[in-house]
Amino acid sequence: MKRRIIALLCVAVMLITCLAGCSQGENSSSETDSSSTTAAESTTDTGSTEGIQADDEFYAAADLSILEGKKIGITVQSLQNSYWAGVMTAVEEVLEEAGVQVTIVSCDDSSATQIGQIENFVSSGCDLIMVHPSDATAIEDACAEAREAGIKVMCWDDPMTNTDGNWVLNNTDLGIAIGEAAGEFINEYYSEDNKAQVAMINYPQTTILLEREEGIIQGLDNTCEGKYEIISSQAGLDSIEAQTAMETILQRYPDCKIVVGIGSGAMIGADEALQISTGGDIPEDMGVFTADVTTQQLTHLLDSEYPARVAVGFEGSDEDTANACAAMFALILSDSLESQNVFRELTLITADNAESIM
C-alpha cells in the first residue's frame, strides 16, 4: 500500500514541477457542518505573473560574499507560527555567519505595524528590506518609498509591484498538491459508501492561504470526488490554535480521521490532538496532510505514533530554506535577478524521504 501511495506522490511531484516549479463544505474561520532556470507562469487571485523557476543551480549562482557588512531588515507576518519561527532562526544564523547585521521582527498580522517597521528599517539605513506581508496591497507604498531611498526590497510569498524581487509560489498549485496527496490516501481506505470525514485547518484571513485552501479542495475533487466530505473548517495558523481546533472537531466528530491544512501549525496541532485521542495507536486509515516542512513535522512523519502522512514543502529543511533565502538576498543586492518573480520548487515529503531531508 505504501509503495502505491509513494508512486502516486512521485507522479504528483512531476506534475507540480511541470506547472511551476466527496462534497465541498463551507469555508470559514469557524466550524461549519455538512534544476536549469526555466520560464514559469502562475495565475492566482492577485493576477497573472511570470517569472523564473528556482533550483539548486539558480541559488548556486549567487555570490554570498556581497552580503558581508550589509544591513538587512526583515518583517514577517508572525513568529508564533512554527514554520516561521524555525526558518527565521536559521535565516538569522546564516546571515550572521555571512557578516550581515540583521534585524527580524514580527508584525503580528497588522499592516499598520508592518508599515511602521518598514519605515524604521528605512530610517536605520538598511541595505535591503525583506517583507512577508500581512497585506501586500497595504504595504506597497511603504515599499516604494524604501526603494526611492535607494534600499532594495524583497517580498516573500506575494508577487508585489514595488519590489526588486519576489520569492513566490503558486499557492493554488500547492493546495492542489496537498489535496491530491490526501485524495490518493482516501482512495485507499474510503469509498462513496464509506466517505472520509475530512477536517480543514485553514486561515482564510490571508489571501494566499485562502488560495491554498481552495487548491486543497480542488485537489480532493480531482482525485476522490464523492468519497469525502469536509465536516468542519476551522482557523489554525499556529500549532496551539490548530490543536484546539482539532480537539473541538473531535468532540463533535469523533470518527474524523483525515485532516488537510494550510501550514505546519495545522499538521503539528492536528497530530497532537489525534495522538492524544488514539493514545498513539494510529489506525492505518488516519492521515494528516499539510504544507511546509519543519523539524517537528519531519519528526512526526517518521514517528508511527503520529498520523502525519505528507508535508508539501519547499527547499527542504529550515537550513536549506535559509541558504536559499540568503542567495536571493545576494542576487538582489548584486542586481543579478533576471526576473522580478522567482518561483520556488515544491517537494512532497513522506516518511520515505523525511530522514534524508533532516
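Helix α9 runs over residues 264–278, and its length comes out just as it should: at 1.5 Å a residue, its 15 residues should span 21 Å, and the end C-alpha atoms are indeed 21 Å apart. The model in question is a predicted one. Of the 15 residues in α9, 12 are buried, so the helix is largely enclosed by the rest of the structure. Among the buried ones are Ser-264, Gly-265, Ala-266, Met-267 and Ile-268, along with the charged Asp-271 and Glu-272; Leu-274 and Gln-275 are on the list too. Just after α9 comes Gly-279, with a positive phi of about 70 degrees.

Stepping back to the whole chain, there are 12 helices and 14 strands. The chain has 358 residues, and 56% of them count as buried. What it does expose adds up to about 14,300 Å², with carbon and sulfur atoms supplying 43% of that area.

The surface also carries a patch of negative charge, where Asp-56, Glu-92, Glu-93, Glu-96, Glu-97, Glu-319 and Asp-320 gather. Two elements, α3 (82–97) and α11 (318–333), each give two or more residues to this patch. Helix α3 provides the largest share, with four residues. Glu-319, for its part, sits in helix α11. Its relative accessibility is 43%, so Glu-319 counts as partly exposed, a label that covers values between the 20% limit for buried and the 50% limit for exposed.

Definitions and conventions
Residues are numbered from 1 along each chain as its sequence is written. This is a predicted model: local features need pLDDT of at least 70, side-chain atom pairs count only at pLDDT 80 or more; totals for chains, interfaces and linings use all residues. Side-chain values use heavy atoms; hydrogens and water are left out. Patches are made of residues with over 30% relative accessible area and no salt bridge: like charges are joined within 9 Å, nonpolar side chains (Val, Leu, Ile, Met, Phe, Trp, Tyr) within 5 Å. Accessible areas come from the Shrake-Rupley method with a 1.4 Å probe; for residues, only the protein chains shown count as cover. A salt bridge is a side-chain nitrogen of Lys or Arg within 4 Å of a carboxyl oxygen of Asp or Glu. The place of a charge is taken as NZ of Lys, CZ of Arg, CG of Asp or CD of Glu. Buried means under 20% relative accessible area, exposed over 50%, partly exposed in between (1.4 Å probe, protein chains only). The expected span of a helix is 1.5 Å times one less than its number of residues.
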